[in-house]
Amino acid sequence: MEAALKHPLVAFREANGLSQADAAARVGITQAMWSRLETRTAYVGPSVAKRIADLTGIALESLLNFGDGLRARGKARHHASGERTAEA
């Protein structure tokens, strides 16, 4: 069986020796939110997604389209503001 594809945010952090807290601080979000992004249980708005793309060098479109991406889809998700979205 093939290993699951690593989320690009995890790959970025590991390649750069950063903790979740370090990466999160660089884009102005909490470590908890960064963790939820890596596990695809949260999404962020366009301005935060752009800051993440700028930090990581990952194309914004790639971030938004990887797996569930950084945007809401399907079941309720956490938003960077702490609000939850309704099911889509």
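Select helix α2 (residues 20-27) together with helix α3 (residues 31-38) in this predicted model. Their axes come within 8 Å and cross at roughly 105°. Angles of 65 to 115 degrees count as roughly perpendicular, and α2 and α3 are therefore roughly perpendicular to each other.

Keep both helices displayed and turn on their side chains. Which residues of α2 meet α3? On the α2 side they are Q20, A21, A23, A24 and V27; the partners contributed by α3 are Q31, W34, S35 and E38. Sorted by class, this contact of α2 with α3 comprises five nonpolar residues, three polar residues and one charged residue.

Next, select T56, which belongs to helix α4 (residues 46-56). Is T56 buried or exposed? Its relative accessibility is 13%, and because buried means under 20%, T56 counts as buried. Now draw a distance from the side chain of T56 to the backbone oxygen of I52: the value is 2.9 Å. To view the surroundings of T56, add L9, F12 and L63 to the selection; T56 touches these three once residues up to four places away in sequence are set aside.

Move on to L60, a residue of helix α5 (residues 60-65). The relative accessibility of L60 is 31%, which lies between the 20% limit for buried and the 50% limit for exposed, so L60 counts as partly exposed. Which residues does L60 contact beyond its neighbours within four places in sequence? They are A49, K50 and A53. Label the C-alpha atoms of L60 and K50 as well: they lie 6.4 Å apart in space, with a separation of 10 residues in sequence.

Finally, clear the selections and colour the whole protein chain by secondary structure. Five helices and two strands should appear. Followed from the N terminus, the order of elements is α-α-α-β-α-α-β. A colouring by accessibility serves for the next view: of the 88 residues in the protein chain, 39% are buried. With the molecular surface switched on, the accessible area of the protein chain is about 5,100 Å², and carbon and sulfur atoms hold 53% of that area.

A contact map may close the tour. Among contacts in the protein chain with a separation of 6 or more, 45% involve residues 24 or more positions apart.

Definitions and conventions. Residues are numbered from 1 along each chain as its sequence is written. This is a predicted model: local features need pLDDT of at least 70, side-chain atom pairs count only at pLDDT 80 or more; totals for chains, interfaces and linings use all residues. Side-chain values use heavy atoms; hydrogens and water are left out. Axes are lines fitted to C-alpha atoms, for helices over the stretch in contact, and angles run from 0 to 180 degrees between N-to-C directions. Helices (H or I, at least four residues) and strands (E, at least two) are DSSP runs, numbered from the N terminus. Angles under 35 degrees count as roughly parallel, over 145 as roughly antiparallel, 65 to 115 as roughly perpendicular and the rest as oblique. Contact means heavy atoms within 4.5 Å. Ala, Val, Leu, Ile, Met, Phe, Trp, Tyr, Cys and Pro count as nonpolar, Asp, Glu, Lys and Arg as charged, and the others, Gly among them, as polar. Buried means under 20% relative accessible area, exposed over 50%, partly exposed in between (1.4 Å probe, protein chains only). A polar contact is a pair of N or O atoms within 3.5 Å; within protein, one must be able to donate a hydrogen and the other to accept it, and residues adjacent in sequence count only if both atoms are side-chain atoms. Accessible areas come from the Shrake-Rupley method with a 1.4 Å probe; for residues, only the protein chains shown count as cover.
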